[in-house]
Amino acid sequence: MSETPTSPKPTHNEIIKAAIPTLAGTIAATLADPKADHFSEDDNQFLKFHGSYQQDDRDLRKTGKKYIMMIRGRIPGGVMTARQWCVFDELATTYGNNTLRITTRQSIQFHGVLKGNLRPLIKRINDSLLSTLAACGDVNRNVLAPPTPAYTQAREQVFQDCHQVALALAPQTKAYHSIWIDGVQLDNEDAVNQNFVDPLYGKTYLPRKFKIAFVIPPVNDLDVFTNCLGFIAVVENDQLVGYNLAVGGGMGRSHGNTVTYPRLADVIGFFPPDKLVAVAKAVLTIHRDFGDRTDRKHARLKYVVAERGVDFMRAEVNQRAGLTLAAARPYRFTTMSDLYGWRKAVDGTWFLGLFVEMGRVKDAQKTALRQVAEKCAGIEFRLSANQNVILANVTEADKTVINALLAAHGVKTENQASVLLAASMACPALPTCGLALAESERMLPGLIERLEKLCADLGLGGEEIIIRSTGCPNGCARPYMAEIAFVGKAPGRYQVWLGGNASGTRLNRVWKDMMKDADIENELRPVLAQYAKERNGNERFGDWCDRELLKEPATATR
C-alpha cells in the first residue's frame, strides 16, 4: 500500500487492518465490559471477519437504537449433520429471535442476538465442529457446492474439493480462538501481534470480500457466474476430469454510481483437479494484489477482470499456479432451480427438497425439522443457495419417520408452494439490515400473491417466473439474475429489472428506475399481457423481455 503524493488514500478499513493485522480489535475487552451495549465502529469492521455484524432493530429507532448482532455460520457446501442442525436450532431459540435464516451462500444466520450472548453462541458453533470465521469480512467467504444428490456420483468429489479449498483459503489469525474460545483479549501492542502477517492474505487481507462456488452442469443452482471465482465441473462417465475456470462475477452495485455494476464471470480455461488449490490461491492473490484499496465500492475482483481483461487474468493465473490453462471444455446450463419433494439420489438413498419461504425457518417448520434431526441422526441437512433445505442420505425407514413428523406439524412434502413463490428469493432487509432502503423479505410474499392473481387474470397462471427482491442495490439475493427483480431505492419504492433467464447465464436490465409498491400490478399488467399474446411457444418471460421488450443490446447495467 505504498503511496505517492498524488495517489489516492487507502480506505479506513485498510488503515485499521494494517494497524491490527490479527483482526482482534478490542472485541474481547468490549465483550467483557457489562456497561458497553455495543462495539466501536472499528471493532464492528473487525467483527465481520469473525462472522458477525452489529445491527440495530430499525423498527424501534424512534425510541432509540437497540443494538443487536447478526451471526453467520461458515458451513462449506452448506452440509450439516443432524446434530449440528440441532445445535443451531437450540442457539436460535436460546440467543436469537427463534428463527434460522438460510442465506444465498448455503449458510445460516442468527438475528436479534444481544452482545452478551455473542460469545456463548459462537463458542457453541465451534464446539459443534463448525465455525463463523471468515463468514464475512475481506476474505474468502463460505464456499458453495452443489447440494442436490440426484444427478451424478461426481458430486461427492466436488464436495470434497469444496472443503479442500475452504480449508486452504481460511485466514490463520489466532485472534478468533483467543476471543471466542478462550475469552482472552490479545495484546495489540505486543510485537508478535503487531507484526503478524497471514501467510496467504498478507497483513491487510483482501480489498473486499471474495466468493467461490463449485457447480456441476447442467444445473446452475449456485448462480456460478455471480461469484468472484467459479469452478464448473467437467464430468465424464460420472468421473470428475477437471474444472472450467470462471473469474470476475459479482452482483453488488450502488444507485447512481456508474463505476459500480453487476457482472458475470468470464470462463478463461480448463485445468485438472490436482491443480485446484493452486488455481484458487492464484485467483485470490490476484484480487489481493490488484484490487482497489482506495474505494470499497470499486474493490471487488470483478473490476480487476473488467478493467485489465481476461488475457491478463489468464496469464496471471498461469504464472501464479504454475500451469497453462487449456481451452475451456464444452458445458451447458439449463436451470438454476432446486428440486422439491421426495426423490432418489444416485446412491439409492432418498432425499427431500423442502421449500423455505424467504429462507426463514420458523414456527411449525422449525419445530418439525428439529424433531427430524433428533429422530434421524444419520441424515444430512443441506442448505441450498436458493435458501431452501434438502434432507439427504435418507433411508427407507427414516423416510417414513420424516413423513410422519412433517405431517404432524402441517409441513408439506408435495405441492409445497405456488410456482411463483417456489421460484422467488429475498434478502432479509428491514428491520435488521442497516443498508436496507426498502422492505424485501417482509414485502415479497404479499407481492407474489398479488402477481399470481395478475398472472391468473392474463392466462399465465402456473407459469414459472423467477422473481427476486432486495432492500438495496448490493445484490445479496442475486436480483440481477432474475426474470423480474425489485431493488429497493426508498421506503415503498423499487427499481425494477427484467430479462434474466432460467439458466443463470444472462444479466437482466433496468426497466423502470423507480416504481411505487402500490403501482406494481398496474405497471406490469400491460407487459405481461403483451408477453402472453406475443411469446413464441413456451418462451419464458425473461427470454421474451430480452428479445422484445428490452431491445437495446445487453450491457452490464450501471
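What volume does the largest cavity have? The answer is about 70 Å³. Before going on, note that this is a predicted model.

Let me stay with the enclosed space for a moment. Rolling a probe the size of a water molecule over the atoms shows where empty space is left. Here the count is two cavities of 30 Å³ or more. Around the largest cavity sit Pro-146, Thr-148, Tyr-151, Thr-152 and Arg-155, together with Ile-216, Val-219 and Asp-221. Sorted by class, that lining has four nonpolar, two polar and two charged residues.

The second largest cavity has a volume of about 40 Å³. Its lining is made of Arg-74, Ala-134, Asn-140, Arg-141, Val-143, Ala-166, Leu-169, Ala-170 and Pro-171. The split there is six nonpolar, one polar and two charged.

Next, open space. The second largest pocket comes out at about 550 Å³. It has 26 lining residues, and those nearest its centre are Val-356, Glu-357, Arg-360, Lys-362 and Gln-365. Which helix gives the largest share of this lining? That is helix 12, residues 363–375, with three residues. In terms of class, the lining of this pocket holds 13 nonpolar, six polar and seven charged residues.

Now the backbone. Most residues other than glycine have a negative phi, and most peptide bonds are trans. I have some exceptions to show, beginning with the peptide bonds.

The bond from Pro-217 to Pro-218 is cis, with omega near 10 degrees. Pro-218 belongs to the loop that runs between strand 6, residues 212–215, and strand 7, residues 229–236. A cis bond is also found from Leu-430 to Pro-431, where omega is near 10 degrees. Pro-431 sits in the loop between strand 15, residues 424–426, and helix 15, residues 444–457.

On to phi. Leu-23 is not a glycine, yet its phi is positive, at about 70 degrees. You will find Leu-23 in the loop between helix 1, residues 12–19, and helix 2, residues 27–32. Is Leu-23 buried or exposed? With a relative accessible area of 1%, Leu-23 is buried.

Tyr-205 is another non-glycine residue with a positive phi, about 55 degrees in this case. Its place is the loop between helix 8, residues 191–194, and strand 6. Tyr-205 has 0% relative accessibility, so it counts as buried.

A further positive phi, about 75 degrees, is taken by Leu-129, just after helix 5. Helix 5 itself spans residues 118–127, and its buried residues are Leu-118, Leu-121, Ile-122, Ile-125 and Asn-126. These buried residues lie on the same side of helix 5, because they cover an arc of only 135 degrees around the axis.

Turning to the cysteines: how many disulfides does the structure hold? Zero. Cys-162 is in no disulfide, and the nearest cysteine sulfur, that of Cys-228, is 15 Å away. Cys-162 is also buried, at 0% relative accessibility.

Why is there no bond at Cys-376? The closest cysteine sulfur belongs to Cys-86 and is 10 Å from the sulfur of Cys-376, which is too far for a bond. For reference, the cut-off for a disulfide is sulfur atoms within 2.5 Å. Cys-376 has a relative accessible area of 1%, so it is buried.

Last, the aromatic rings. A pair of aromatic rings is described by the distance of the centres and the angle of the planes. The structure holds 20 aromatic pairs. One of them is formed by Phe-486 and Tyr-494, with 6.5 Å centre to centre and 85 degrees between the planes, which makes it edge-to-face. Phe-486 is buried, with a relative accessible area of 0%, and Tyr-494 counts as buried at 1% relative accessibility. There is also an aromatic cluster formed by Phe-214, Phe-231, Tyr-243 and Phe-271.

To recap the items worth finding on the screen: the cis bonds from Pro-217 to Pro-218 and from Leu-430 to Pro-431, the positive phi values of Leu-23, Tyr-205 and Leu-129, and the edge-to-face pair of Phe-486 and Tyr-494. That is the end of my part.

Methods:
Residues are numbered from 1 along each chain as its sequence is written. This is a predicted model: local features need pLDDT of at least 70, side-chain atom pairs count only at pLDDT 80 or more; totals for chains, interfaces and linings use all residues. Side-chain values use heavy atoms; hydrogens and water are left out. Buried means under 20% relative accessible area, exposed over 50%, partly exposed in between (1.4 Å probe, protein chains only). On a 1 Å grid over the protein atoms alone, a cavity is a set of points where a 1.4 Å probe fits but cannot get out, and a pocket is an open set with protein on both sides within 12 Å along at least five of seven lines; lining residues have an atom within 4 Å of a point. Grid points are joined across faces, edges and corners, and a volume is the space filled by probe spheres set on the points. Helices (H or I, at least four residues) and strands (E, at least two) are DSSP runs, numbered from the N terminus. Ala, Val, Leu, Ile, Met, Phe, Trp, Tyr, Cys and Pro count as nonpolar, Asp, Glu, Lys and Arg as charged, and the others, Gly among them, as polar. The arc is that of the directions from the helix axis to the C-beta atoms. Rings of Phe, Tyr and Trp (its six-membered ring) pair if their centres lie within 6.5 Å; planes under 30 degrees apart count as stacked, over 60 as edge-to-face and the rest as tilted.
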